[in-house]
Amino acid sequence: MNLLTVENISKSYGELVLFQDLSFGINKDQKIALIAKNGTGKTSILNILSGDDQPDSGQVNYRKSIRASFLDQEPNLNPNLTVEETIFASDNEILKVIASYEKALNNPEDTDAYQKAFEAMDRFEAWDFETQYKQILFKLKLEDLNAKVGKLSGGQKKRLALANAMINKPDLLILDEPTNHLDLEMIEWLEAYFAKENFTLFMVTHDRYFLERVCNEILELENGKLYSYKGNYSYYLEKKEARIEQESVEQHKTEILYKKELSWMRRQPKARTTKSKSRIDDFHTIKEKASQCRKDHEVQLELNMERMGNKIIEIHKVSKSFPGKMILDKFDYSFTKGERVGIIGKNGTGKSTFLNILTGKDVPDSGKVIIGDTIKFGYYTQKGIQIKDGQKVIDVIREFGDYIPLMKGRQISAQQLLERFLFDRKKQYDFVEKLSGGERKRLYLCTVLIQNPNFLILDEPTNDLDIVTLNVLESFLLDFPGCLIVVSHDRYFMDKIVDHLFVFKGEGVVEDFPGNYSDYRAYEDSKVIEQREQKEKLEPEKNTWKEPEKNKLSYLEQKEYKNLENEIKQLESKKVALQEKFTDTSLTGEEIEALSIELGEISNTIEKKTERWFELADQMG
């Protein structure tokens, strides 16, 4: 079943044409990801789908009566509401069902309305709504339901908006970077949740494992054209490579044809016949195709970084804590040349604090950090770059350096570095305020790298970067000869770049794990299985039957339980009154039949309500 159709949409800003005549559809149960370079129109497409923007031409058609939810990069939430109030303030059909049920409880004499409301509660599984939304909020680390939205961090607001969108259970869920601001544990939970639940998804994400395990179709926007791949990320990579090879063959054929036609054109043919005129027109088309070339950039730099001495960084019994939270507890470590360390851990366990202590931006409570005389840091932080009004891209990077020295006396200029990170010469003279969020992050990376550090620290470098840029960055880092520390929730990126991990487990515990992230997950999973098997061996077999634990009633169920007692009493009284009417000898046959039908309906209602009352009473124990 088709939920949404996009027909021939186009969008441009002045002379910048993002895309023209794009068409695609979204069908029920599809999980589609949109991939494109930063600044080429991903966000514009999402804004057009949500109605926040309009295409220059074309249209978007939604199927009638479908419900769609949108997760923006910057959610618009009411700052005066609490976390829980935000959930109940949403336009959620389940909430309407609950409201109808509560209204029916307050008017027990209207048995028809109550029966309809009761059946709707069953149909929408509204009895479990409270449990469902609390589970999702707790998984996204939003435990304080009474916290005001206005006092939440940007990441918490994004997670609340994500929870709200999921709880609504829409027909179509449209997401802009859903894994941003989630730690690894949250991402893996969300990944499993989306893979299991029957959501129809359309998303923009750079998380390649997420693409691999959740999506069943990938749309790629490249050079203004849309390419569809009916599979996950691995399938996309395979088919894209085949497509590029085919395009290369076609390009070669076109170039040969162009040379042949160029030779003919140089003989100055006169368009005296229809055939000659047609061939001249075709020549201009061939020329345009032949002049096209792919703009894939690979970073291949042999950096001649500053010499690194034998002493790198030594950490001696460093401790650090904040009120009620231990970050480091007598931590010892000495870095060696060429180390590539990944740092993982839940939000709030001290990863960024550790990096700030290393670089001298924060001081430990005790212990000391000794930095080698030859160490030159390059520190990419989550705060990003400070932009001055009226600054151009090339001006920003030249403030930090004009070139990077390469091996054999060569060098790479600031302009060349920008080109390698996908800023062409025209883009370099654009004003920075015109750049997308991802392009600004890419520019910030260039300002760090142009300083030619020999100890590179990257704190969440993958946020807001597109997949093309991530591949460029990975190529650069794989050739980087110095020391490297990376904090990232991008599992694919970590697996490709790092050799071992610092695992921040909280309460000052930091484990040094010899492997990448996938190795660590496999190790942790094997520990869980081993502990379960050991527990089963140690526990003697028990044949005695154990009564299952009683479930506590939710707020709505408690309310229902109390109301049922009153309703049953009122219905019993009504039943007695009806039975007394049968003693009236003046009743006609039709009146007796009507009373009998009414008595039967009341008896059935009493039976159902009594059954439900017993069910809730049993749960209470």
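Q: Which residues in helix α1 (residues 42-50) are buried?

A: A word on the model comes first. This is a predicted model, in which local features need pLDDT of at least 70 and side-chain atom pairs count only at pLDDT 80 or more, whereas totals for chains, interfaces and linings use all residues. Residues are numbered from 1 along each chain as its sequence is written, and side-chain values use heavy atoms, with hydrogens and water left out. An α-helix has 3.6 residues a turn, so residues three or four places apart point the same way. In α1 (helices are DSSP runs of H or I of at least four residues, strands runs of E of at least two, numbered from the N terminus), the buried residues are Lys42, Ser44, Ile45, Leu46, Ile48 and Leu49; buried means under 20% relative accessible area with a 1.4 Å probe, protein chains only. After α1 comes Gly51, with a positive phi near 90°.

Q: Which residues other than glycine have a positive phi, and where are they found?

A: Glu177 has a positive phi near 50° and lies in the loop between β6 (172-176) and α7 (184-196), while Leu422, with phi of about 75°, sits in the loop between α13 (414-420) and α14 (425-428). Glu177 counts as buried because its relative accessibility is 6%, and Leu422 is buried because its relative accessible area is 15%.

Q: How many residues does the largest nonpolar core hold, and which of them touch the most other members?

A: In soluble globular proteins, nonpolar side chains tend to be buried together. Here the largest core (buried Ala, Val, Leu, Ile, Met, Phe, Trp, Tyr and Cys residues joined through side-chain atoms within 4.5 Å) has 63 residues, of which Leu137, Leu140, Leu160, Met166 and Phe194 touch the most other members. A second, separate core of 46 residues includes Ala414, Leu470, Leu477 and Tyr517. Setting aside neighbours within four places in sequence, Phe194 makes contact (heavy atoms within 4.5 Å) with Lys31, Met166, Leu173, Leu175, Phe199, Leu201, Phe210 and Val214.

Q: Which residues line the largest cavity?

A: A cavity is a set of points on a 1 Å grid over the protein atoms alone where a 1.4 Å probe fits but cannot get out, and lining residues have an atom within 4 Å of a point. The largest cavity is lined by Leu34, Ile35, Ala36, Lys42, Glu177, Val204, Thr205, His206, Asp466 and Ile467, and strand β3 (residues 31-36) gives the largest share of that lining, three residues.

Technical notes
Buried < 20%, exposed > 50% of the residue type's maximum accessible area, 1.4 Å probe, protein only. 1 Å grid on protein atoms, 1.4 Å probe; cavity = no way out; pocket = protein on both sides within 12 Å on 5 of 7 lines; lining within 4 Å.
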